[in-house]
Amino acid sequence: MRQKGVKSDLQESLLLCKGAFISAAGFSMIINILMLTPVIYMLQLYDRVISSRSETTLLMLTLIVVAIFLTQGALEMVRSQILVRVSARLEILLNQRLFKIAYKRSLYTGGQQASSQPLDDLTSLRQFLTGNGLFAFFDAPWMPFYIGIMFLFHPYFGWAAILSGVILIILAIVNEKSTSKTLAEANTLAAINRQQLNKSLNNAEVIESMGMLDNIFHRWLHKSHNVLELQAKASSKAGFLSSLSKTLRGMFQSLVLGLGAYLAIQQEISPGLMIAGSILLGKALGPIDQMIGGWKGFVVARTQYARLNELLTQIPADKEKMSLQAPEGKIQAEQAVVVPPGAKIPSVKGVSFVIDKGDSVGILGPSGAGKSSLVRALLGIWPTTNGKIRLDGADIFDWNRIELGPHIGYLPQDIELFEGTISENIARFGEVDADKVIDAAKMAGVHEMILHLENGYDSLIGATGGNLSGGQKQRIGLARALYGHPQLVVLDEPNSNLDDQGELALAAAIARLKEKNTTIIIVTHRHNILGQLDKLLVLHDGLLALYGERDVVLAKLAEQQQQSKPAPKVIPKTFTIPI
């Protein structure tokens, strides 16, 4: 957590844009002064031109007014461009931070909070800064200026303006109190509903195959109705108050005009001031009326600001880490405890072991033993809640992930390919080195398969792999893991989708990795790969049950299996590893 009183990145970014906001406020000052032009022009027409019947005076006044209006339009355009550039700069300053935050939330919650909402909030906030709603907040402080001039016209005009302004401000406060909470609740529910809908769309095949569409739809529809109900409730109140505000504003202008007529009859003001007072009141009340009309956008923007500010405060930027030497591949686990994201019970409970450089280790155990959790901790994907995982003596979290990444190859249990070509996927979307891509594909035994595709290595694939089979995706994922000859290769169930040909390719890849003295860690349920490994690590209920040389561990497993059997009549020549 950030220390109290320390500004978040959003607040610091807004401070960097302070000069631009001051410039926009300065332009607003000039614009609001120039808005007096119609009033002054009208007074001159009534009090000077009509009485003198001078066409020359009329022409000169008209030319001056046209020049002032053109200047005012130019200033408003410049003010608008300033805010456009401020909003663009704000996004440039924060989009990388928010992208990494969205990524981290997904990573550390196991995908449960995978959402682009922080970036969506930033985009919406940027759009608010360029909209007309913000201009009302720049113009509202000039209301006393207009009221002061109305007092100069006549004290009655000034007091009428104050009374009108107070009534509209009260309406604005009522609008805030009656709609902000409801709108905030509606926006929160809408975000949750949208996130759940995206998860459903990602599982369209499951939904279609088992006829779940209607059930999923009705569940989504029920929540959508709740959102619509809240939004409609808030919008109805806001719409009523906005209409009332416009009605009162028009009525107040007419009443001031009537007041001016009365004062003109009493010969306390000129006929020109009578109309000028009505126009000036409209200028004074305009920003308040505009704020009430755009209050919904302001409430949404305020909620987005608060959400971004809280998020940037809770998840500070990563500190720059000193570059370490390229890893050799030695791993140490020191009483490591791992709790999966969103869980309370650890899946790995205080394990300690050492994997030396060049070791090939198989991780065995029944389902739920903590194998995949341990792998994620070894890679630094999930943090340890207690103990340490070290790579070449350094805490795995002390490494710069961008620098460490090329030295690690990882094939997850659930293969994820990304939008792009096969060559880009294998090259990890960095600069494509054709020789390295082909070498990795050959090691994974997928080179020939790729060549038989219509566009070879340039074939485009989607995030789900397109028309590729599970085994083909797994072998392309293996090629990605082997790209660039990493020092540490971790394979989680690498043969779960492979046919006989794929099994042979995997065996050949492991043999080549061992030749290069690469550290290999493999999680597997299938026994035919164990013969290529040097050591075995057995987990049971998150605890380290056995670890050591392969043959020694296999012998102990066989002995344990025999002891657990009730007096067998025939001693089997083979055994089955309980994994």
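# Briefing: helix α16, the paired strands and selected charged residues

In helix α16, which spans residues 434–443, the buried residues include V437, A440, A441 and M443. Viewed along the axis of α16, its buried residues fall within an arc of 160°, so they line one face of the helix. The model described here is a predicted one. The points below take up α16 further, then the strands around β10 and β11, the buried lysine K371, the salt bridges, and Q290 in helix α11.

**Helix α16 and its surroundings**

- The exposed residues D435 and K442 sit on the face of α16 that is turned away from its buried side.
- The cover over the buried residues of α16 includes four helices: α15 (422–426), α17 (447–451), α18 (470–482) and α19 (500–515).
- At the start of the helix, the backbone nitrogen of D435 has a side-chain oxygen of D433 within 3.2 Å.
- After α16 comes G445, which has a positive phi, near 70°.
- D439 and R512 form a salt bridge through their side chains, with an N to O distance of 3.6 Å. This pair links distant parts of the chain, since D439 lies in helix α16 and R512 in helix α19, 73 residues apart.
- D439 counts as partly exposed at 21% relative accessibility, and R512 is likewise partly exposed, with a relative accessible area of 29%.

**Strand β10 and its partners**

- Strand β10 (residues 519–523) is mostly covered, with 5 of its 5 residues buried.
- In a regular strand, side chains alternate between the two faces of the sheet.
- From β10, T519, I521 and V523 point one way while I520 and I522 point the other way, and all of them are buried.
- Strand β3 (residues 360–364) runs parallel to β10 and is joined to it by 4 bridges; within this pairing, I363 stands opposite V523.
- Strand β9 (residues 488–492) also runs parallel to β10, the two being joined by 5 bridges; here V489 stands opposite I520.

**Strand β11 and the hairpin with β12**

- Of the 6 residues in strand β11 (residues 535–540), 5 are buried, and the strand is mostly covered.
- β3 and β11 are parallel and are joined by 4 bridges; the bridge partner of G362 in β11 is L536.
- Strand β12 (residues 543–549) pairs with β11 in the antiparallel sense over 6 bridges, and E549 in β12 stands opposite K535.
- β11 and β12 form a hairpin with 2 residues between them, and D541 in the turn has a positive phi of about 55°.

**The buried lysine K371**

- K371 is located in helix α13 (residues 371–378).
- Although K371 is buried, it has no salt bridge; E493, the nearest side chain of opposite charge, is 5.5 Å away. A salt bridge requires a distance within 4 Å, so the separation of 5.5 Å between K371 and E493 does not qualify.
- A polar atom of the K371 side chain lies 3.1 Å from the backbone oxygen of P366.
- Beyond its neighbours within four places in sequence, K371 is in contact with I363, L364, G365, P366, V523, H525 and L539. Among these contacts, I363 and V523 stand opposite each other in the pairing with β10.

**Other salt bridges**

- The structure holds 11 salt bridges.
- Side chains of opposite charge can pair when their charged atoms come close.
- One of the salt bridges joins the side chains of D9 and R97, at 2.5 Å from N to O. The two residues belong to distant parts of the chain: D9 is in helix α1 (residues 9–16) and R97 in helix α4 (residues 55–108), 88 residues apart.
- D9 is buried, with a relative accessible area of 15%, and R97 counts as buried at 15% relative accessibility.
- A further salt bridge brings together the side chains of D551 and R550, at 3.1 Å from N to O.

**Q290 in helix α11**

- Q290 is found in helix α11, which covers residues 271–293, and is partly exposed, with a relative accessible area of 34%.
- Not counting residues up to four places away in sequence, Q290 touches N132 and A136.
- Q290 and L134 are 156 residues apart along the chain, and their C-alpha atoms are separated by 9.7 Å.

How values were computed
Residues numbered from 1 in each chain as written. Predicted model: local features only at pLDDT ≥ 70, side-chain atom pairs only at ≥ 80, totals over all residues. Heavy atoms only, no water. Buried < 20%, exposed > 50% of the residue type's maximum accessible area, 1.4 Å probe, protein only. Lys, Arg positive; Asp, Glu negative; His and termini not counted. Polar contact = N/O pair within 3.5 Å; in protein donor to acceptor, adjacent residues only side chain to side chain. Contact = heavy atoms within 4.5 Å. Arc of directions from axis to C-beta. Pairing = 2+ DSSP bridges.
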